[in-house]
Amino acid sequence: MKNLPKIIVILGPTASGKTDLALSLAKKFNGEIVSADSRQIYKKMSIGTAKPAGEWQGKNGTKAYVVDGVPHHLIDFIDPGKDFSLSDYKQEANKIIGQIIYRGKLPIVVGGTGLYIWALVDNLAMPQVAPNKKLRHELEVKDLSELVELLTKLDPDSAQKIDLKNPRRVLRALEVAILTGESFLKQKSQAEPLYNALQIGLLWPREDLYARIEQRIDKMMEQGLIKEVEALNKQKYGWNLPSMSSLGYKQIGAFLRGEISLEQAVSEFKRDSRRYAKKQMTWFKRDKRIEWIDKNHLKSSEKLVRDFILPRARFRRP
């Protein structure tokens with residue numbers, strides 16, 4: 001591990017302060033940020049994904065989404081109607097990390113999507129099962145609840161760990177289970193690691209974290225989340241797209257279709273976000289390599305990064 005390129009990973013549940021901490025560390029240690037958020041990849045979806053405000057800039061032939069002077073990669077670059085698989089993410093992220101290292105900067109991976117982080121830190125191998133159009137067509141006509149029920153029967157291990165609210169992930173796991181008879185997760189064998197990674201996790205008392213989640217959602221509503229979702233649908237982005245069925249967009253979509261009241265939509269958005277945060281922590285707690293810090297304590301994280309990238313020389317006493 002000592003000779004591998006070093007990267008920093010800032011992880012934690014939704015609304016835990018990852019973005020602010022990553023920005024501070026990037027400025028302190030000459031870093032660039034690589035997003036590990038499966039929703040912030042989409043263009044036109046800013047409010048509901050809590051995407052940091054930035055702008056696209058080009059420099060030395062490289063374009064990046066720049067936030068407060070810090071280049072961000074793999075954010076705000078995919079059309080909401082397009083697919084972007086875990087394999088796509090891994091390939092793009094590895095390429096960008098290599099470019100950051102070549103520029104003499106520190107790659108800082110930031111996000112709460114456990115599979116994205118796992119793919120990079122452990123060099124996760126992707127399932128070697130080609131998509132089957134006929135099978136997918138048969139599965140896509142079923143409701144998500146039916147797909148989840150089927151996955152739970154065929155591959156209970158994957159049903160416990162993947163995001164069951166993401167139709168694309170459920171479909172892919174089912175596809176692998178049906179075609180191979182093996183678990184989707186077992187197909188993801190681990191290769192030799194590509195990086196020496198320091199993983200820093202943000203730990204909040206549950207009640208404090210839940211309060212932050214609810215405050216964030218209230219702010220999203222004030223910023224115009226309803227208009228954002230409405231505008232996306234008017235641009236012909238269907239409600240069943242993975243992007244439009246994600247947290248916030250799904251609940252506000254139900255309100256816009258007249259299925260539930262606005263009060264119920266916001267309440268369900270908050271409830272599902274709390275559940276998602278709990279699931280994220282369950283995922284991350286399995287990894288004993290993560291260095292957990294209290295909330296987003298800047299000094300603790302700075303010390304961890306400094307000791308990791310600049311190990312102190314050891315001298316023998318004369």
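In this predicted model, W56 has a relative accessibility of 37% and therefore counts as partly exposed, since that value falls between the 20% under which a residue is buried and the 50% over which a residue is exposed. Its partner Y65, at 6% relative accessibility, counts as buried. The two residues form one of the four aromatic pairs that the structure holds; the ring centres of W56 and Y65 lie 6.0 Å apart and the ring planes meet at 70°, so the pair is edge-to-face, the class that is assigned when the planes are over 60 degrees apart.

Another edge-to-face pair is made by W118 and W283, whose ring centres are 5.7 Å apart and whose planes stand at 70°. This pair links distant parts of the chain, because W118 belongs to helix α3 whereas W283 belongs to helix α11 (residues 262–285), and 165 residues separate the two. W118 is partly exposed, with a relative accessible area of 25%, while W283, with a relative accessible area of 19%, is buried; the assignment of W283 follows from the cut-off, because buried means under 20%.

Aromatic rings also take part in arrangements with charged side chains. K6 lies over the face of F308, at a distance of 5.0 Å from the ring centre. In the case of W239, it is the charged end of R257 that sits over the ring, 5.0 Å from the centre of that ring.

Taken as a whole, the protein contains twelve helices and eight strands. Its radius of gyration is 20 Å, close to the 20 Å that the globule rule gives for 318 residues, so the protein is as compact as a globular protein of that length. The C-alpha trace spans about 75 × 50 × 45 Å along its principal axes. Of the 318 residues, 49% count as buried, and among the contacts between residues at least 6 apart in sequence, 75% join residues that are at least 24 apart.

Helix α7, which covers residues 167–180, was examined for its length and its surroundings. At 1.5 Å a residue, the 14 residues of α7 should span 20 Å, and the C-alpha atoms at its ends are indeed 20 Å apart, so the expected and modelled values agree. The helix is mostly covered, with eleven of its 14 residues buried; among them are the charged-type positions R168, R169, R172 and E175 as well as P167, V170, L171 and A173. The buried residues of α7 pack against three other helices by label, namely α3 (114–121), α4 (133–140) and α5 (144–154). After α7 comes G181, whose phi is positive, near 75°.

Within helix α11, the residue S273 has a relative accessible area of 5% and is therefore buried. A polar atom of the S273 side chain lies 2.8 Å from the backbone oxygen of F269. When residues up to four places away in sequence are left out of the count, S273 touches T14, I213, I217 and L247.

A comparable description can be given for T49, which lies in the loop between β2 (31–35) and β3 (55–59). At 4% relative accessibility, T49 counts as buried, and a polar atom of its side chain is found 3.3 Å from the backbone oxygen of S46. Residues up to four places away in sequence being set aside, T49 touches R39, Q40 and Y249.

Finally, G31 lies in strand β2 and, with a relative accessible area of 6%, is buried. The C-alpha atoms of G31 and G104 are separated by 9.0 Å, although the two residues are 73 residues apart along the chain. Not counting residues up to four places away in sequence, the residues that G31 touches are A26, V70, L106 and I108.

How values were computed. Residues are numbered from 1 along each chain as its sequence is written. This is a predicted model: local features need pLDDT of at least 70, side-chain atom pairs count only at pLDDT 80 or more; totals for chains, interfaces and linings use all residues. Side-chain values use heavy atoms; hydrogens and water are left out. Helices (H or I, at least four residues) and strands (E, at least two) are DSSP runs, numbered from the N terminus. The expected span of a helix is 1.5 Å times one less than its number of residues. Buried means under 20% relative accessible area, exposed over 50%, partly exposed in between (1.4 Å probe, protein chains only). Contact means heavy atoms within 4.5 Å. Rings of Phe, Tyr and Trp (its six-membered ring) pair if their centres lie within 6.5 Å; planes under 30 degrees apart count as stacked, over 60 as edge-to-face and the rest as tilted. A charge sits over a ring if NZ of Lys or CZ of Arg is within 6 Å of the ring centre and within 35 degrees of the ring normal. A polar contact is a pair of N or O atoms within 3.5 Å; within protein, one must be able to donate a hydrogen and the other to accept it, and residues adjacent in sequence count only if both atoms are side-chain atoms. The radius of gyration is taken over C-alpha atoms; the globule rule is 2.2 Å times the number of residues to the power 0.38.
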